[in-house]
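Please work through the exercises below with the sequence and the structure at hand, trying each task before reading its solution.

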Amino acid sequence: MPIIEMHLAAGRTTEQKRRVMVAMSQAVATALEVSPSTVRILITEHGDDEFSVGGVTLAERNAAKQNEKPQEL
């Protein structure tokens, strides 16, 4: 029984997560030649302060992006 752990930044919709679970289940079942009903997927979501790239949290990256946008008049 394949078990897939997926870590995502919080904010995806239920529909988006459902679509990725269906796609992953189909891909794993095909690659391993098993029934999709045996594929288990666990999604763990992380807040902006709990997810970083290169030591910079998503909260910090998002704040920097906001500062780069031109101010509306």
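**Exercise 1.** Which residues make up the largest nonpolar core?

Solution. Bear in mind from the start that this is a predicted model. The largest nonpolar core consists of five residues in all, namely I4, V28, A29, V39 and I41. Two of these, V28 and A29, also appear among the buried residues of helix α1. As a general background, nonpolar side chains tend to be buried together in soluble globular proteins. Taking A29 as an example, and leaving aside its neighbours within four places in sequence, we find that A29 is in contact with V34, S35, P36 and V39, and V39 is itself listed in the core.

**Exercise 2.** Compare the expected span of helix α1 with the distance between its end C-alpha atoms.

Solution. Begin with the helix itself, which runs over residues 14-32 and therefore has 19 residues. The expected span is 1.5 Å times one less than the number of residues, and for α1 this comes to 27 Å. The end C-alpha atoms of α1 are 27 Å apart, which agrees with the expectation. Just after the helix, E33 takes a positive phi of about 55 degrees.

**Exercise 3.** Which residues of α1 are buried, and what covers them?

Solution. A residue counts as buried when its relative accessible area is under 20%. In α1, the buried residues are K17, S25, V28 and A29. Seen down the helix axis, these buried residues fall within an arc of 95 degrees, so they line one face of α1. What covers them includes the strands β1 (3-9) and β2 (40-46). On the face turned away from the buried side, α1 carries the exposed residues T30 and A31.

**Exercise 4.** Is K17 buried or exposed, and which residues does K17 contact beyond its neighbours in sequence?

Solution. The relative accessibility of K17 is 16%, and because this value is under the cut-off of 20%, K17 counts as buried. Next, leave aside the neighbours within four places in sequence; K17 is then in contact with L8, R12, I43 and E45. The contact with E45 deserves a further step, for the side chains of E45 and K17 meet in a salt bridge, with 3.1 Å from N to O. Since E45 lies in strand β2 and K17 in helix α1, the pair ties together parts that are 28 residues apart in sequence. E45, for its part, is partly exposed, with a relative accessible area of 35%.

**Exercise 5.** How many salt bridges does the structure hold, and which residues are linked in a network of them?

Solution. The structure holds three salt bridges, one of which is the pair of E45 and K17. In general, side chains of opposite charge can pair when their charged atoms come close. Turning to E15, we find a salt bridge with R18, in which the closest N and O atoms are 2.9 Å apart. E15 and R18 are three residues apart in helix α1, and therefore they are separated by about one helical turn. E15 also meets R19 in a salt bridge, at 3.9 Å from N to O, and these two residues lie four residues apart in α1, about one turn of the helix. Putting the steps together, E15, R18 and R19 are linked in a network of salt bridges. As for their surroundings, E15 is partly exposed at 37% relative accessibility, R18 is partly exposed at 42%, and R19 is partly exposed at 45%.

Technical notes. Residues are numbered from 1 along each chain as its sequence is written. This is a predicted model: local features need pLDDT of at least 70, side-chain atom pairs count only at pLDDT 80 or more; totals for chains, interfaces and linings use all residues. Side-chain values use heavy atoms; hydrogens and water are left out. Buried means under 20% relative accessible area, exposed over 50%, partly exposed in between (1.4 Å probe, protein chains only). The arc is that of the directions from the helix axis to the C-beta atoms. Contact means heavy atoms within 4.5 Å. A nonpolar core is a set of buried Ala, Val, Leu, Ile, Met, Phe, Trp, Tyr and Cys residues joined through side-chain atoms within 4.5 Å. A salt bridge is a side-chain nitrogen of Lys or Arg within 4 Å of a carboxyl oxygen of Asp or Glu.
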